[in-house]
Amino acid sequence: MDEKGILARIDEYVGEEQRLRERYRRDGLGREEEHRRLAELEVALDQCWDLLRRRRARLEAGEDPGEPGVRPPDEVEGYLQ
């Protein structure tokens, strides 16, 4: 996936997150279901941002951004901010 594809995926996930929160506010979504999906989206977004940062770092270093691959959730969720 190229940078444009990663950014499109991020936009998709953010849009879904906003829709879920709106449905929750209108009582159209069960709290447990919302929390489960929001947690999944948080991980997916972290993975996308990680992939984008690594691709950009490789480009900045003069390397082929290639396809570094998505890191597993336990790895991207373990980063210190």
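Colleague: Which residues are linked in a network of salt bridges?

Modeller: In this predicted model, the network of salt bridges links Glu16, Arg36, Arg37 and Glu40.

Colleague: What makes the pair Arg37 and Glu40 a salt bridge?

Modeller: The N to O distance between their side chains is 2.8 Å, and because the cut-off for an Arg nitrogen and a Glu carboxyl oxygen is within 4 Å, the pair qualifies as a salt bridge. Both residues belong to helix H2, where they are 3 residues apart, about one turn of the helix.

Colleague: Why is Arg37 called partly exposed?

Modeller: Its relative accessible area is 22%, and since buried requires under 20% and exposed over 50%, Arg37 falls in between and is therefore partly exposed. Glu40, at 36% relative accessibility, is likewise counted as partly exposed.

Colleague: How do you know that Glu22 forms a salt bridge with Arg26?

Modeller: The closest N and O atoms of Glu22 and Arg26 are 3.7 Å apart, which satisfies the limit of within 4 Å. Arg26 counts as exposed because its relative accessibility is 56%, set against a threshold of over 50%, whereas Glu22, at 31%, counts as partly exposed.

Colleague: Arg54 and Asp50 also meet in a salt bridge; are these residues buried or exposed?

Modeller: Arg54 has a relative accessible area of 15% and Asp50 a relative accessibility of 4%, so with buried meaning under 20%, Arg54 is buried and Asp50 is buried. Their side chains meet at 3.0 Å, N to O, and both lie in helix H2, 4 residues apart.

Note on methods:
Residues numbered from 1 in each chain as written. Predicted model: local features only at pLDDT ≥ 70, side-chain atom pairs only at ≥ 80, totals over all residues. Heavy atoms only, no water. Buried < 20%, exposed > 50% of the residue type's maximum accessible area, 1.4 Å probe, protein only. Helix = DSSP H or I, 4+ residues; strand = E, 2+ residues; numbered from the N terminus.
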